[in-house]
Amino acid sequence: MVPIQYFIGLSAILFTIGILGVLIRRNAIIIFMSVELMLNSANLAFITFARMYQSLDGQVFVFFVMAVAAAEVAVGLALIVAIFRNKQSIDVDQINSLHG
Amino acid sequence: MWLSEAVSSGPQFFYLVPLVVLFPVIGLLVNTAFGGRMSEKAIGWLASAAAGLSFVVAVLLGISLLSYPEGAVVPIVDWITIGELNINWGFQVDTLSVTMMLVVAGVGTLIHIYSIGYMHDDVRFQGDPGRYQRFFVFMNLFIAMMMILVSADNYLMLFVGWEGVGLCSYLLIGFWYDKGENGIGNAVAGKKAFIANRIGDFGFILAAFIMFWVFGTFEFNAVFELAPEVASLFPAAIVAITLLMLVGVTGKSAQIPLFVWLPDAMAGPTPVSALIHAATMVTAGVYLITRSAALYNLVPQVQNIVALVGAATALFAATIAVGQFDIKKVLAYSTISQLGFMVAAVGMGAYVAGMFHLVTHAFFKALLFLSAGSVILGLEHAHHHMEHNSQLKLPMDENDLHFDPQDMRNMGGLRNRMKISFWVYLIGAIALTGIPPLAGFWSKDEILTDAANFNPLAYWMMLAAAFLTAFYMGRQILMVWFGKPRSLPAEHANESPPIITVPLIILAALAATGGALNLPMWHTFTHWLEDSLGHLHAAEFSLQIAGLSSFLVLAAIFLAWLLYGRKYQAMQELPPDKRPDDPLRPILGPVFNALNHKWWVDELYWTIIINPYVSLAHFLADVVDWRFWHDWFHDTVIVGGYNKLTQVLSIQIDLGVIDAVANKLGDSVKRAAAKWRVIETGYVRNYALSFFIGVVLILGYLILR
Amino acid sequence: MSLNDLLVNLNLIMPITILTAWACVLLLVDLFIPKERKGITALLAALGLLVALALVISRAGVATSAFNGMIMIDGFATFMSVIFLFSGLAGIAVAYDYLIRSGIERGEYYVLLLFSIVGMMLMAAAADLIMVFLALELLSIPLYVLAGIAVPRPDSEEAALKYFLLGAFASGFFLYGTALVYGATGSTALTEIVSATTSGGVNLSFLVIGAGLILVGLGFKVAVVPFHMWTPDVYQGAPSSVTAFMAVGAKAAGFAALLRIFVLAFPPLAMDLTPVLWALAAFTMIIGNVIAIAQRNIKRMLAYSSIAHAGYIMMALVPYGQGNVAADTVASALFYLLAYMLTSFAAWAVVIALEHNMGEGRDTDGLSLEDYSGLGQKQPALAAAMTVAMLSFIGIPPTLGFVGKFYLLRTVIEGGFPGLALIGLLTSLVSAYYYLRVVVYMYMRDGEPVVRREPWLYFTALATAVGVVVLSIFSEPLFNWASQAVLKLI
Amino acid sequence: MLLEYLPIAVLLILALLLAGIVIALGHMFGPRHPTERKSMPYESGMRPIGPGTRRMPVHFYLVAVLFILFDIEVMFFLPWAVIYKKLGVFGLVEMLIFIAILGVGYVYVWKMGALEWE
């Protein structure tokens, strides 16, 4: 059986990649995808721990997280589409009229 | 038997006492709220009725006191309750306070009625009619405040009234705030009065602090009861309290050195001068000392000081009065001088004499002011009439265009044109100079007798003052009423309407007969006041003193006649450029100049106090506050510092450090990434980065701790 | 679990049940309400809130748990629910006219508001990290939409996008923290976390890091430095009525979750977490207050002010691990939240009344400090309300803000953090500078402020301002109520 | 203590290294001679007309989003179906409530006209 640490390690890597994606990418959709990656890395951790504890709690949690993520996707995409209609761009570096 | 029973079970109206304050308050509230929609007459009569009802209540209280001479304390509300301190607003009803109430409400009512006529014309000539309402609101407020002052049963409530009347005085002196020298003269006069009073009030309030510290209470009865005990334990406390109260008195009652505001206060309308600055408010100081007799009696050295301050003021002000040309200024200095008499009297422990003079003075000085007002009004009418009549306007010269209706040099010969005013003025003047049997003689004689017994120095000073009083009043009578008219308006002046003359006649009657209150044989007034002040000695009538003073008075009048009756008329024949404005000027030379300039007291104060003070204020405001505190400390240190700090925090730290850390981290990523064709950071990502830095720091701490 | 249990449990959380159902129904009903009569939706939404409020209050004093310990109905939840429901009502009152003026009158606004409030109420009642996460998202997602409801206004869109991206980012951290805590203790129920921790055998590093990440995720929601950077932009860009609601509701909900999680689940970690909380509170107070000075836009200024106040409330969290003072600190935090709610709405109602010209495609006017010139003469009532709000923000008596700060600082000192209290005191002195500047503009500058005269706005501004003053006089029973509320929690 | 974190640290470093190495390798070994022509979308010589990406009708997004929403909700049916028998009436009611809530969303979407392709 694959040791738990590997899963956790993988989840940590995914999480880090997600963070870096948010920090580095300019495209709002890709930033958003990175966030999703972070959520999913957490999901991975949940599943892993659930398996470790032989309990279902963690898996149930994942269901909810996925549902919530879907809701976020809906809102996020709608927002991004709205902004694209206005600015013809979803580059977050160009969305900086509010500052200071 | 039945008589004494009837007396002891006579009507008792003490519970009515709150009404003396309530009526004027109702009057002023109604006038404030609805005055805009009421006619002038209605406003005036309503205010007068409010004052009149107060007077009726005061009379009822007086009647009750005949049966219950011990009086009563009528509490209304708990005013302040803080810890130990518990102050009620109660009314002290006794013979002393009721005397004051009668004077205030009585004279006040007459002056209200007089004002209905006087202010009608004054408003027409001097300002917009909307002020009519304001005037009566202030007047009613004054009556209410004065009533609070005289009816208080503790020092703090008395102080409330004391401040209240000061406020009314300020408001009414500045009633024509847009008039006067440079358009602000009257406002300046009001300010001066306020500041002088404030200095005095400071003394008073310090006295109150010490009193509370020592006695633990402000209530008259409690304080007086404890006073002998305290005096034996801390004599210095009593000395301090009484001396500081004296400071308050010199402010409110215009004694040396704070008297300078009162002459300027004549900038207010004449009824105000009569009511506030002659008859009632300025006597509050005398009332205060009389009320505190139990304290003053314990410290003879302070009493001595009070007496000397009073006597010196009496003499000093009398000399100045000799050199004035403004009809109201003469009366103002006369008032100061007479207040000096009263203060001297109460200072010598002759409370009855002081209070007696207070009452009679209220009558004749109110009378003099009001009739002077009638004269001023007559001249103004005539002047106004001529200005609008082209035929009469022609002969007017330059002098007439800048006509001052208060300058006695513009008067003369008015006795034929304003008969009633002349006669009542004459009665008032005789009463003031102290010719028997008019009121002033009796009261002044009582003071002089007491002085002769207790304080010879004060006695001689006051005797001199009495001489000067007679002289300047003779001078005024002769300049105003006798001789030939010295200006066109004076030739055309007319008598005032009955609404003005009727109160004058009533006051004249009082001024003539007021002496009957305390004739030497019966001492009615003495016994009346004994119910409030304990046993009082009654000055024995001394023929020698009465004779001496009467002789001096007559001599002074004769001297006045020589100078102003004969010589002044003769001078009128001289050509204007060689004609001195006053026959005394050639005789006294520079001394007259000094008198005319009020001994340069104002200038002295300016030089030694106000100018240095103003300089200091300028220094503090300009150099210390503005340049140092504002410009340097505030602007440079605080604001600059703030701005720098804000900049540091927002630019250096938030943008600089957080962002820079972010940027640095971002930069390191960026530099690497820029090489590999990666993008520059933007705002949202900066935020995310700062967020991430926070996470790293927190987790770093938690892991490495 | 049987059907009967389900009904019993639904009954236990009746206010939340009703509000959820009501929001769903309203979403449908609104479809049939013509566009020009959306006032009906507003009224219906307010009605639902009032019913829920009545239910919450009638059940005050109940302390029980529902849904297998996922939810706790207790004094704490009740107190917070009252705050949420009140801010919902105020949020509707200030929004109604504002939406019409902005041309964004949509029934969805009120429905989303209701959903968000359901999320907040669940957040205060949640006793399980799963529940907290769901509630967090349930309150956040409607707020993302609300922030952008003024599309196609660019600043509204931008605010929504920033809020959304960063909010989702923060959710990720929260979630990962939850995962780690679950991994460390084997449970997500708050009470079991603490019992597992005390009984030993847990991976403490996971637990501590998990707690730290949860703190980060919720710290974003309440806007503590350095997780605050979205706040000014979002507050400025979002429609003001949304901002008002968000500033109060979301912050209060975030603190509700923070307080409950930390006090219930993490007392054993106090040694580790207290310094972090200390630093967060200190930096938040300092940076929030100092940067606010540089703001000329009133919405931005209030945004920094809300950051600063997050710092003040954060102070209450610092001594959370000391059993003897924890009750007091939580109570003072609750009290401060109440004070903050009333004060905020007083200020925001005035801001909304002055905001104008915010239709489509135009720049909004009436938001700079200069626009407040002369308000004291022209609209004394609004100016007075604003003054009360500013004084309360500074913490000058007689206002709730003063009482709240007093309680806060007292408990912080009792907890043994005089340095933090000193920072709180000094920064509130600093804050006087920019709050009083508003007052100075209102009373000492001449100007012609453009003011919308609308009864609900006036009512909200004046009622809350009066509340701020009057309740400060009766603060003792209020504080006792807050203390009662936390009694069960500790 | 720190040792426990070693795996995480190692993995973090590895992740960073990996990302770095991949980009570095591409940078180092990939020959890069950018010319104007090369940076054009089509190196075949076709001149690009209009933007490189065609804009999709927004309806695609809308429908896609709606699909995701309802699709994801379906996953709650799965565990429910597995133990449906055990849950009995309670499970049925629970799911009916769930479906009712979804239904509300559906009705809303329908009524708002989001499903009409015009």
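# Chains A to D: helices, contacts and two residues up close

B:N304 counts as partly exposed, because 16 C-beta neighbours lie inside 10 Å of this residue. That is one small stop on a tour of a predicted model, and the notes below start with whole chains, move on to the contacts between them, and end with helix pairs and single residues. Chain A consists of 100 residues, 46% of them buried, while chain C has 490 residues, of which 69% are buried.

**Chain A at a glance**

- Chain A contains 3 helices and 0 strands.
- Going along its sequence, you will meet the pattern α-α-α.
- Take the contacts in chain A between residues at least 6 apart in sequence: 45% of them join residues at least 24 apart.

**Chain C at a glance**

- Chain C has 20 helices, along with 2 strands.
- For contacts in chain C between residues at least 6 apart in sequence, the share that joins residues at least 24 apart is 80%.

**Where chain A meets chain D**

- Here 16 residues of chain A are in contact with 14 residues of chain D.
- On the chain A side, α1 (4–24) and α3 (57–87) each supply at least two residues.
- The biggest giver on that side is α3(A), with 10 residues.
- By class, the chain A side that touches chain D has 13 nonpolar residues, 3 polar ones and no charged ones.

**Where chain C meets chain A**

- This contact draws 31 residues from chain C and 35 residues from chain A.
- On the chain C side, at least two residues each come from α6 (129–147), α7 (154–185) and α10 (230–237).
- Helix α7(C) gives the most to the side that touches chain A, namely 17 residues.
- The chain C side of this contact is made up of 19 nonpolar, 7 polar and 5 charged residues.

**Two helix pairs in chain B**

A word of background first: two packed helices are described by the angle between their axes and the distance between the axes.

- *α20 with α21.* Helix α20 (residues 439–454) of chain B packs against helix α21 (residues 456–481) of chain B at an angle of about 150°, and their axes are 8 Å apart.
- Angles over 145 degrees count as roughly antiparallel, so α20(B) is roughly antiparallel to α21(B).
- The two helices, α20(B) and α21(B), make a left-handed crossing.
- From α20(B), the residues in this contact are B:K444, B:I447, B:L448, B:A451 and B:A452, and they meet B:A458, B:Y459, B:M462, B:L463 and B:A466 of α21(B).
- Sorted by class, the contact of α20(B) with α21(B) has 9 nonpolar residues, no polar ones and 1 charged one.
- *α16 with α24.* The axes of helix α16 (residues 351–387) and helix α24 (residues 524–533) of chain B cross at roughly 115° and come within 10 Å.
- This crossing of α16(B) and α24(B) is right-handed.
- Helix α16(B) brings B:Y351, B:V352, B:M355 and B:F356 to the contact, and α24(B) brings B:F525, B:T526, B:L529 and B:L533.
- The contact of α16(B) with α24(B) has 7 nonpolar residues, 1 polar residue and no charged ones.

**Helix α19 of chain C and its residue C:A465**

- Helix α19(C) has 19 residues, which at 1.5 Å a residue should span 27 Å; its end C-alpha atoms are 27 Å apart, so the two values agree.
- Buried residues in α19(C) are C:L457, C:Y458, C:T460, C:A461, C:T464, C:A465, C:G467, C:V468 and C:S472.
- As general background, an α-helix has 3.6 residues a turn, so residues three or four places apart point the same way.
- C:A465 sits in this helix, which covers residues 455–473 of chain C.
- Because C:A465 has 28 C-beta neighbours inside 10 Å, it counts as buried.
- Setting aside neighbours within four places in sequence, C:A465 is in contact with C:A346, C:A384, C:A385, C:V388 and C:A389.
- C:A465 and C:A346 are separated by 119 residues in sequence, yet their C-alpha atoms are 5.5 Å apart in space.

**Back to B:N304**

- B:N304 belongs to helix α14 (residues 300–322) of chain B.
- Its C-alpha atom is 6.4 Å from that of B:G347, and the two residues are 43 residues apart along the chain.

Notes: Residues are numbered from 1 along each chain as its sequence is written. Chains are lettered from A and ligands numbered from 1 in the order in which they are written. This is a predicted model: local features need pLDDT of at least 70, side-chain atom pairs count only at pLDDT 80 or more; totals for chains, interfaces and linings use all residues. Two residues are in contact if their C-beta atoms, placed from the backbone, lie within 7 Å. Helices (H or I, at least four residues) and strands (E, at least two) are DSSP runs, numbered from the N terminus. Ala, Val, Leu, Ile, Met, Phe, Trp, Tyr, Cys and Pro count as nonpolar, Asp, Glu, Lys and Arg as charged, and the others, Gly among them, as polar. Axes are lines fitted to C-alpha atoms, for helices over the stretch in contact, and angles run from 0 to 180 degrees between N-to-C directions. Angles under 35 degrees count as roughly parallel, over 145 as roughly antiparallel, 65 to 115 as roughly perpendicular and the rest as oblique. A crossing is left-handed if the near helix is turned anticlockwise from the far one by less than a right angle, and right-handed if clockwise. A residue is buried if 20 or more other C-beta atoms lie within 10 Å of its own, exposed if 12 or fewer, and partly exposed in between; C-beta atoms are placed from the backbone. The expected span of a helix is 1.5 Å times one less than its number of residues.
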